[in-house]
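Q: Hello! I am new to this structure, and I would like a close look at a single part of it. Please walk me slowly through one strand and whatever surrounds it.

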Amino acid sequence: MSDTYLAVFVGSKTSPKMAAWNALSETERKAKEKAGMAAWKAWVEKHQAALAAMGGPLGKTKRVGPGGSSDVSNEMGAFTVVRAESHEAAARMFENHPHFAIFPGEAVEIMPVLPIPGG
């Protein structure tokens with residue numbers, strides 16, 4: 001079993017949370033951004049020992065398949081990689097995360113990084 005977990009931060013550009021965020025005045029939004037970044041920094045400091053890869057924001061997506069490549073949109077906005085004793089323990093790290101508690105993100109999806117068969 002893996003002790004490494006990929007956390008993907010998800011959110012929609014058309015969600016009600018994003019609409020409410022965009023409706024804030026610039027002053028309100030800047031204040032929330034400042035509070036959110038401080039909370040995110042505190043989260044990183046609290047979980048520093050468990051961070052296997054800090055990760056970061058994700059850019060525009062290209063989808064490649066048998067018919068070639070195209071630009072697509074999805075809800076993935078950022079990622080990080082953590083180590084934990086279980087899937088549940090990894091998920092607990094993200095409870096009340098600033099991504100959705102302060103910022104307009106919707107959730108963090110956590111999945112085990114499985115070993116490559118025969119690898």
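A: Let us start with a term: two strands pair if DSSP finds at least two bridges between them. Helices (H or I, at least four residues) and strands (E, at least two) are themselves DSSP runs, numbered from the N terminus. What you see is a predicted model, in which local features need pLDDT of at least 70 and side-chain atom pairs count only at pLDDT 80 or more, while totals for chains, interfaces and linings use all residues. Residues are numbered from 1 along each chain as its sequence is written, and side-chain values use heavy atoms, with hydrogens and water left out.

First, a quick overview. The protein has 4 helices and 6 strands, and along the sequence they follow the pattern β-α-α-β-β-β-β-α-α-β. Its C-alpha atoms fill a box of roughly 55 × 45 × 20 Å, taken along the principal axes. Buried residues (under 20% relative accessible area, with exposed meaning over 50% and partly exposed in between, for a 1.4 Å probe and protein chains only) make up 29% of the 119 residues. Contact means heavy atoms within 4.5 Å. Among contacts between residues at least 6 apart in sequence, 71% join residues at least 24 apart.

Now for the strand I would like to show you: E1, residues 4-10. E1 is mostly covered, with 6 of its 7 residues buried. It has strand partners at E5 and E6. With E5 (76-83), E1 shares 7 bridges, and the two run antiparallel. One pair to look for is Tyr 5, whose bridge partner in E5 is Val 82. With E6 (107-112), E1 shares 6 bridges, again antiparallel. There, Val 8 stands opposite Glu 109.

Next, the packing around E1. A nonpolar core is a set of buried Ala, Val, Leu, Ile, Met, Phe, Trp, Tyr and Cys residues joined through side-chain atoms within 4.5 Å. The largest such core has 16 residues, of which Val 82, Met 93, Phe 94 and Ile 110 touch the most other members. At least two residues of this core come from each of strand E1, helix H2 (26-46), strand E5, helix H3 (87-92) and strand E6. E1 gives the most, with 3 residues.

Met 93 deserves a look of its own. Leaving aside neighbours within four places in sequence, Met 93 is in contact with Trp 43, His 47, Ala 50, Val 82, Arg 83 and Ala 84. You have already met Val 82 as the bridge partner of Tyr 5.

Now look at one residue from each partner strand. In E5 you will find Phe 79, which is partly exposed because its relative accessible area is 29%. Not counting residues up to four places away in sequence, Phe 79 touches Leu 6, Ala 7, Val 8, Phe 9, Met 54, Gly 55, Gly 56 and Leu 58. Phe 79 and Gly 56 are 23 residues apart along the chain, yet their C-alpha atoms are separated by 5.6 Å.

In E6, try Val 108. Its relative accessibility is 14%, so Val 108 counts as buried. Beyond residues up to four places away in sequence, Val 108 touches Ala 7, Val 8, Phe 9, Phe 94, His 99 and Phe 100. Val 108 and Gly 77 are 31 residues apart in sequence and 9.9 Å apart in space, C-alpha to C-alpha.

From Phe 9 you can step across to a loop. His 97 sits in the loop between H3 and H4 and touches Phe 9, Trp 40 and Trp 43, again not counting residues up to four places away in sequence. His 97 counts as buried because its relative accessibility is 0%. In that loop you will also find Asn 96, which is exposed, with a relative accessible area of 64%. Phi of Asn 96 is near 60°, a positive value in a residue other than glycine.

To finish, here is another antiparallel pair to view alongside E1. Strand E3 (residues 61-65) is joined to strand E4 (residues 68-72) by 5 bridges. Their hairpin connects E3 to E4 through 2 residues, and Val 64 stands opposite Ser 69 in E4.
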